[in-house]
Structures are given as structure tokens and as C-alpha cells.
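Biologist: I would like a close look at a single part of this model. Please go through it slowly, as for someone in a first year of study.

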Amino acid sequence: MSGKRRHLPFFLGALLFGASLLRALDALPPFGDYRGTYGPAILVTMEPLRHVQQAVASVTFDYRGFDTLGEEFILFAAVAGCLLLLRRQESEVAQEPVDQTSDRQWIQPAPAVLGLGVLMFPFTLLLGIYIVLHGHLTPGGGFQGGVLLATAFYYVYLSGEYDDLLGMSRDHTVSHLEAGGAAGYVIIGLLALPAGYRYLHNLLPLGDKGELLSAGTLPLLNITVGTEVTSAFLLLIVAFLRQVLVIRKEKKP
Amino acid sequence: MSVFPYLIVIELLLVGLYGIATSRNTIHLVSCLFVAQSSTYLLLLSIGYLQGGTAPITDEIPGHARMVDPVVQALTLTDIVVGAAVSALLLAFALQRHKLTGTLDPRKEPPQRG
């Protein structure tokens with residue numbers, strides 16, 4: 001079939017699908033006229049019951065904490081799948097990365113790039129740690145802070161060399177951190193079981209609302225998620241960079 | 001005006017699906033999947049929006065202020081994380097397919113054997 005006629009079934013289907021979606025708009029409340037019941041219930045109960053002032057973190061790690069466990073393991077499984085797929089295949093060889101231009105001896109990043117990287121790395125690292133630790137007080141949390149922390153290490157690669165980034169992942173520290181982050185969430189949840197409570201029950205004292213050490217296990221869960229997300233994104237970038245820079249097709253002898 | 005955000009949701013979803021259906025490149029296809037998925041972020045946030053509502057953080061805001069629904073915001077967070085993870089996995093698949101077949105065009109690849 002030619003290109004245009006191939007698209008015909010899609011356009012027919014999309015027309016029907018779009019029309020039914022438009023029809024479904026009638027049943028939705030108008031934009032800005034929110035009528036749910038769960039949201040207000042959480043906003044009313046989270047301060048007296050949980051001593052949390054950030055409702056999104058409260059939903060993610062407390063009211064829906066068990067779902068977040070599943071979400072964390074989707075991330076874990078996806079990263080594990082990526083690393084499994086991006087191993088060196090039997091038909092490939094791993095080489096040390098080589099400079100593609102021949103007229104220079106070693107890579108010298110421009111001073112401005114290097115300076116910016118050196119400047120941005122500690123600030124991004126600090127901001128990431130702040131966002132993870134204050135997840136129950138201000139917007140943020142383990143997922144957002146984890147991505148920021150991984151970005152900090154991307155600066156190392158961008159302003160330096162591939163080896164600088166590879167050195168951090170060579171001895172499996174990052175893999176262990178990722179597994180540790182995923183396991184930490186499970187273990188924190190399990191700790192409540194021997195005491196006769198349900199999974200993820202908040203055992204720690206709730207503390208004063210607005211303090212850094214408050215909301216019971218919520219900051220701990222934020223830290224485990226932050227650790228996992230940071231390591232997951234670092235493992236991903238290293239795996240993709242390895243494909244580009246290190247793994248070569250084996251040359252036939 | 002009251003349905004405008006929902007119309008954008010439908011548009012984003014259909015544009016993403018169009019890209020997936022007509023794509024000649026797996027990497028382009030994954031990007032289109034992400035466009036289609038971003039319509040769900042907008043849908044979730046639009047449903048939870050309250051006219052004049054503020055962010056659901058109770059620090060230093062007057063007690064009578066209305067706040068938007070935190071549940072859908074948490075769901076959007078889940079959505080983004082899962083989307084990023086799945087995209088990475090799909091791109092890894094695309095990379096290995098390219099190595100095996102030398103093409104990124106999903107139509108040119110030979111049928112898979114189990």
C-alpha cells in the first residue's frame with residue numbers, strides 16, 4: 001500500500017476516537033469546578049493526623065504509600081531491563097573510548113565550560129539534597145530531587161570526560177545504591193508488621209508540623225526514593241554512553 | 001473556555017497517536033508516545049484544578065484559602081516517572097534492533113521470531 005492510503009485506517013479510527021472523546025466532555029465538570037471528595041478529605045486530615053504540610057508528598061508516601069512502592073519497582077524493573085539489553089553482546093567488543101579527532105593529544109574542555117561545570121556541580125548537588133530532605137515541607141520529594149541529583153553528575157560528564165562519569169559507576173557502588181534505595185522502601189514498610197500494625201504504618205513520632213524531623217517515616221521514604229532515582233538515572237546515562245563510546249562491533253579477523 | 005484545557009488534551013493525544021501510526025523511525029515513535037502520554041498529565045491536572053485554588057501546601061497560607069486536589073498531582077508524578085522509565089527501556093530496545101537489522105524504520109524490520 002502507498003504511504004497515503006496506509007494512513008487512511010488511522011484517520012478513520014482517529015476521527016471516531018476523537019468524536020467519542022469530544023462527546024465524553026459533556027459528562028466532565030467544567031474546568032476549574034472541581035467536585036472530587038478525596039482531595040478535600042486529605043487536605044483536611046493531613047495536618048491533624050499526619051503533621052504534614054505538603055499534600056502531594058502526603059498522598060504519595062502516606063495515603064497512597066503502597067502504590068508508590070509499585071511505582072518504584074516499575075522504575076527499578078525498567079532500569080534493570082535497560083541494563084540487561086545494553087550489555088556487551090557476544091558479537092561485540094569493548095574498547096577504551098578513543099578521541100575521534102587525530103590532531104590533538106587529549107581532550108581539553110574549554111575553560112568556560114569547565115568553570116561552569118565546576119560551579120554548577122556543587123550547587124545542583126546541594127539543591128537536589130535539599131529538595132529530597134524537604135520533600136514533606138516544600139514542593140519536591142524523592143522523585144524530583146533524585147532527578148536533580150543525577151543531573152549534577154551529568155555536569156561532570158558535560159564539562160569533563162566520559163571517564164570521570166564512568167569512574168563513579170565502575171565498582172558497582174551506584175548499582176548497590178539503587179538496589180538499596182528500592183529495598184529501603186520495602187524494609188521501612190515491613191518494620192511496622194512485627195509491631196502488629198499494617199504495612200507502611202507510621203511508627204516514628206510525628207513531630208511538630210513544619211519541622212525538618214516531622215511526619216514520621218515520610219522523610220525516610222523520600223530519602224530511599226531519592227537514592228533510587230538518582231542511581232537509576234546515573235546507571236541509565238552510563239549504559240547509553242557505553243553503547244556510544246566503548247562498545248564496538250567485533251572486526252572479523 | 002471551560003472545556004479548553006480538555007480540548008488541548010484530546011489534541012495532544014491525537015497528535016501523539018498520529019505520530020505513532022505514521023512514524024518511520026523508532027526514536028521518533030518513542031517521542032510521539034511521550035507526546036501522547038503528556039496529554040494524560042494535562043488531563044489529570046485539569047480535572048483537579050479549582051478556580052482560584054493554590055498549591056496544596058499549607059505552609060503560611062490563610063486557613064480559608066482553597067487548594068487544588070493533591071491526589072491527581074501525585075498521580076501525575078507517578079505518570080511522569082513511569083513514562084521516563086518506559087521511554088528509556090523502549091529506546092534500549094530500539095538501539096538493539098538497530099544493531100541487529102541496521103534500520104530504525106519499524107516497517108522495514110523483518111518479522112520477529114520467537
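The part I have in mind is chain B, together with the places where it joins chain A. How many helices and how many strands are there in chain B?

Modeller: Chain B has three helices and zero strands. Before going further, note that this is a predicted model, and that every value below is computed from it.

Written as a pattern along the sequence, chain B reads α-α-α. The chain has 114 residues, and 39% of them count as buried. Its exposed surface comes to about 6,000 Å², with 69% of that supplied by carbon and sulfur atoms. Now take the contacts within chain B between residues at least 6 apart in sequence: 54% of these join residues at least 24 apart.

Next come the places where the two chains join, starting with aromatic rings. Over all chains, the structure holds nine aromatic pairs. In one of them, A:Phe10 and B:Tyr18, the ring centres are 5.8 Å apart and the planes stand at 50°, so the pair is tilted. A tilted pair is one whose planes are neither under 30 degrees apart nor over 60. This pair joins two chains, because A:Phe10 lies in helix 1 (residues 3–24) of chain A while B:Tyr18 lies in helix 1 (residues 4–22) of chain B. A:Phe10 has 17% relative accessibility and therefore counts as buried. B:Tyr18, at 35% relative accessibility, counts as partly exposed.

B:Tyr18 also forms an aromatic pair with A:Phe11, with 5.7 Å from centre to centre and 35° between the planes, and this pair is tilted as well. A:Phe11 is in helix 1 of chain A and B:Tyr18 is in helix 1 of chain B, so this pair too joins two chains. With a relative accessible area of 44%, A:Phe11 is partly exposed. A:Phe10, A:Phe11 and B:Tyr18 thus make up one aromatic cluster.

Helix 1 of chain A also holds A:His7. A:His7 has a relative accessible area of 15%, so it is buried; the cut-off for buried is under 20%. If neighbours within four places in sequence are left aside, A:His7 is in contact with B:Thr22 and B:Arg107.

Chain B also takes part in nonpolar cores. In soluble globular proteins, nonpolar side chains tend to be buried together. The largest nonpolar core here has 35 residues, and those touching the most other members are A:Phe61, A:Phe143 and A:Tyr185. Helix 3 (70–101) of chain B supplies at least two residues of this core, as do several helices of chain A, including helix 4 (65–85) and helix 6 (142–159). The largest share, eleven residues, comes from helix 9 of chain A. Apart from this core lies another, of five residues; B:Ala74 is among them, and so are A:Ile42, A:Val56 and A:Val59.

To see the surroundings of one central residue, consider A:Tyr185. Not counting residues up to four places away in sequence, A:Tyr185 touches several residues, among them A:Phe61, A:Leu69, A:Glu72, A:Leu200 and A:Val225.

Helix 9 of chain A also contains a charged residue, A:Glu228. A:Glu228 is buried yet has no salt bridge, and the nearest side chain of opposite charge, A:Arg64, is 15 Å away. A salt bridge calls for a nitrogen within 4 Å of a carboxyl oxygen, so that distance is outside the cut-off. Leaving aside neighbours within four places in sequence, the contacts of A:Glu228 include A:Glu72, A:Leu75, A:Phe76 and A:Ala182.

A:Arg64 does have a partner: its side chain meets that of A:Asp67 in a salt bridge (3.2 Å, N to O). A:Asp67 is partly exposed, with a relative accessible area of 40%. Over all chains, the search finds two salt bridges. A:Asp26 and A:Arg23 form a salt bridge with the closest N and O atoms 3.2 Å apart, and both A:Asp26 and A:Arg23 are exposed.

To return to the part you asked about, chain B contains three helices. Its helix 1 holds B:Tyr18, which pairs with A:Phe10, and its helix 3 supplies at least two residues of the largest nonpolar core.

Methods:
Residues are numbered from 1 along each chain as its sequence is written. Chains are lettered from A and ligands numbered from 1 in the order in which they are written. This is a predicted model: local features need pLDDT of at least 70, side-chain atom pairs count only at pLDDT 80 or more; totals for chains, interfaces and linings use all residues. Side-chain values use heavy atoms; hydrogens and water are left out. A nonpolar core is a set of buried Ala, Val, Leu, Ile, Met, Phe, Trp, Tyr and Cys residues joined through side-chain atoms within 4.5 Å. Buried means under 20% relative accessible area, exposed over 50%, partly exposed in between (1.4 Å probe, protein chains only). Helices (H or I, at least four residues) and strands (E, at least two) are DSSP runs, numbered from the N terminus. Contact means heavy atoms within 4.5 Å. Accessible areas come from the Shrake-Rupley method with a 1.4 Å probe; for residues, only the protein chains shown count as cover. Lys and Arg count as positive and Asp and Glu as negative; His and the chain ends are not counted. Rings of Phe, Tyr and Trp (its six-membered ring) pair if their centres lie within 6.5 Å; planes under 30 degrees apart count as stacked, over 60 as edge-to-face and the rest as tilted.
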